[in-house]
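Open your viewer and get ready to make a few selections. We will go stop by stop, with a short note on what to look for at each one.

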Amino acid sequence: MSQMTQKTVQFHELELDQRILKAVAQLGWQQPTLIQSTAIPLLLEGKDVVVRARTGSGKTATYALPLIQKILNSKLNASEQYVSAVVLAPTKELCRQSRKVIEQLVESCGKVVRVADIADSSNDTVTQRHALSESPDIVVATPANLLAYAEAGSVVDLKHVETLVVDEADLVFAYGYEKDFKRLIKHLPPIYQAVLVSATLTDDVVRMKGLCLNNPVTLKLEEPELVPQDQLSHQRILAEENDKPAILYALLKLRLIRGKSIIFVNSIDRCYKVRLFLEQFGIRACVLNSELPANIRIHTISQFNKGTYDIIIASDEHHMEKPGGKSATNRKSPRSGDMESSASRGIDFQCVNNVINFDFPRDVTSYIHRAGRTARGNNKGSVLSFVSMKESKVNDSVEKKLCDSFAAQEGEQIIKNYQFKMEEVESFRYRAQDCWRAATRVAVHDTRIREIKIEILNCEKLKAFFEENKRDLQALRHDKPLRAIKVQSHLSDMPEYIVPKALKRVVGTSSSPVGASEAKQPRQSAAKAAFERQVNDPLMASQVDFGKRRPAHRRKKKAL
Ligand code: AMP
């Protein structure tokens with residue numbers, strides 16, 4: 001955890017059960033985060049609380065720890081088993097994340113505290129019904145999921161619920177769950193403790209607060225929306241639509257971007273266009289498409305987190321998720337202001353080094369959400385944005401917001417210009433544009449359909465098999481070439497003549513191509529090693545100036 005850690009309060013001072021403390025210690029959490037140390041005592045007192053907290057701040061444990069404590073307390077006196085807490089979240093992924101954290105925290109309680117995630121689509125309705133019929137202590141669900149069961153009669157009894165948590169509360173109504181939510185809370189008893197956790201305190205959150213909270217405490221901790229600049233750098237490249245592919249190709253192929261990256265674009269079609277484009281150069285990436293089955297998305301993210309892939313392409317487009325249970329009401333479309341992807345918002349991407357805005361985000365909020373995917377915990381990160389003339393207005397708003405947040409001096413720029421000369425990319429332009437054009441609308445459309453088919457097949461047919469063969473599940477990759485465009489093998493290699501002069505000085509001159517397959521190409525390893533020596537920034541080699549002569553001390557280093 002980053003600056004959120006407070007030295008003064010320790011977990012053992014929070015009056016939590018030994019079993020909970022043991023689980024916390026097993027997770028390696030040294031101290032509560034700021035949000036945890038502030039909110040947990042209030043929640044243990046039984047107060048209704050609205051917490052403004054972003055993903056990455058330790059928000060899940062903030063509500064989960066007191067929730068578990070409360071259940072352990074009630075179990076001392078009650079012999080009956082009943083659903084004592086409901087945790088609502090707007091998507092299956094978020095439900096799953098919550099459930100996982102809760103499961104980790106009850107690990108040392110034996111089977112005393114049970115949790116069921118009924119949004120989990122890997123379970124069929126029969127399994128979900130069965131889980132509910134056993135009255136788990138904690139039910140995690142989307143509002144529509146739980147409402148469907150609550151209205152189905154005897155499946156679940158919510159009359160003993162003592163705590164209601166709404167996670168990512170600002171998204172719940174935005175994703176169209178308002179009617180479901182209103183109907184669902186009618187199934188709860190008249191008195192219960194309620195907790196709303198939200199990244200932003202929007203009007204929706206205020207309305208929700210009016211519906212289910214009683215005299216609440218609102219915690220707006222001075223948690224910076226953005227991590228400090230020494231941890232997260234912001235850079236931009238002024239690039240028109242025609243320039244973007246060549247620049248991306250050059251940056252990736254020359255390894256000027258290193259580590260794990262999320263490339264953000266503004267639509268699902270663009271995701272596939274970029275993927276097909278990169279595929280032609282032998283650069284593998286997977287698309288996080290909210291149209292794909294939830295299991296597949298979760299699997300993709302967990303593989304990305306484990307390092308199976310280096311590049312994920314994601315969009316802000318929101319596709320309405322169809323919950324496992326039947327929605328009791330017709331949900332409205334999400335508002336355009338809340339378009340940040342259901343596929344990425346709130347999901348715990350781990351160790352992302354770079355966020356690349358291939359398309360500049362549509363608004364400041366989206367920029368901040370995207371930026372929040374990197375520089376988690378104490379890690380460093382970079383945001384590199386491609387900005388066209390059309391996008392420059394939003395870029396200016398983002399710049400202003402960043403300047404305000406970081407109290408920038410007059411004339412100071414937070415989003416720095418990436419040191420880079422457009423003419424140095426000219427040599428990449430020809431092949432890049434060819435490949436960009438080859439990713440036609442038809443190819444994109446076909447790929448999108450093909451991938452959905454493949455992944456649904458993966459999801460449905462192989463589900464049972466993979467349950468028993470976990471190793472094979474790891475071998476299932478989501479970045480396999482989609483082959484919608486004939487891939488010309490020579491494009492995977494980068495001939496030396498297109499490497500900018502400034503970089504040639506680093507890699508030396510040779511007629512052998514600088515290619516993708518490093519093992520077979522010692523030249524590439526030499527180049528890579530040279531970059532690594534040259535560049536101080538561990539994440540993005542932004543100091544490598546395509547155009548300028550390298551400073552004397554750098555030239556000396558090369559001679560070594
Ligand atoms: P969240 O904000 O709930 O998405 O949590 C973000 C990450 O922080 C998760 O990977 C948690 O496991 C981790 N985390 C939560 N609380 C702590 C803590 N007190 N110390 C260290 N890591 C934590």
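On this tour, contact means heavy atoms within 4.5 Å. Keep in mind too that this is a predicted model.

**Stop 1: helix H13.** Select residues 364–371, which make up helix H13. How many of its 8 residues are buried? The count is 7, so mark the helix as mostly covered, with buried meaning under 20% relative accessible area. Colour Val364, Ser366, Tyr367, Ile368, His369, Arg370 and Ala371 to see the buried set. Now bring up what covers them: the cover includes strands S8 (232–238), S9 (261–265), S12 (354–357), S13 (381–387) and S14 (415–417), along with helix H14 (392–405).

**Stop 2: the ligand.** Next, show the ligand and the 15 residues around it. Which of them come nearest? They are Gln31, Gln36, Gly56, Gly58 and Thr60. By character, the shell divides into 4 nonpolar, 8 polar and 3 charged residues. Three distances are worth displaying here:

- from a backbone N or O atom of Gln31 to a ligand nitrogen, 2.8 Å;
- from a backbone N or O atom of Lys59 to a ligand oxygen, 3.1 Å;
- from a polar side-chain atom of Thr60 to a ligand oxygen, 2.6 Å.

Taken alone, the ligand exposes 490 Å², and the protein buries 82% of that.

**Stop 3: aromatic pairs.** Switch to the rings, where the count comes to 9 aromatic pairs. Start with Phe173 and Phe181: their ring centres are 5.7 Å apart and their planes stand at 70°, so this pair is edge-to-face. Both of these phenylalanines are buried. Then move to Tyr249 and Phe428, which are also edge-to-face because their planes meet at 80°, with the centres 5.4 Å apart. Zoom out a little to see that this pair links distant parts of the chain: Tyr249 sits in helix H10 (residues 244–253) and Phe428 in helix H15 (residues 426–438), 179 residues apart. Tyr249 is buried at 0% relative accessible area, and Phe428 is buried at 0% as well. To finish this stop, select Tyr249, Phe277, Phe281, Phe358, Phe386, Phe428 and Trp436, which form one aromatic cluster.

**Stop 4: two positive phi values.** Finally, pick Glu15, in the segment before helix H1 (18–26). This non-glycine residue has a positive phi, near 60°, and at 68% relative accessibility Glu15 is exposed. Jump from there to Ala407, in the loop between H14 and S14. Ala407 has a positive phi near 45° and is exposed, with a relative accessible area of 63%.

Key. Residues numbered from 1 in each chain as written. Heavy atoms only, no water. Near = heavy atom within 4 Å. Polar contact = N/O pair within 3.5 Å; in protein donor to acceptor, adjacent residues only side chain to side chain. Areas by Shrake-Rupley, 256 points an atom, 1.4 Å probe, with all protein chains shown as cover. Nonpolar A, V, L, I, M, F, W, Y, C, P; charged D, E, K, R; others polar. Buried < 20%, exposed > 50% of the residue type's maximum accessible area, 1.4 Å probe, protein only. Helix = DSSP H or I, 4+ residues; strand = E, 2+ residues; numbered from the N terminus. Phe/Tyr/Trp six-rings, centres within 6.5 Å; stacked < 30°, edge-to-face > 60°.
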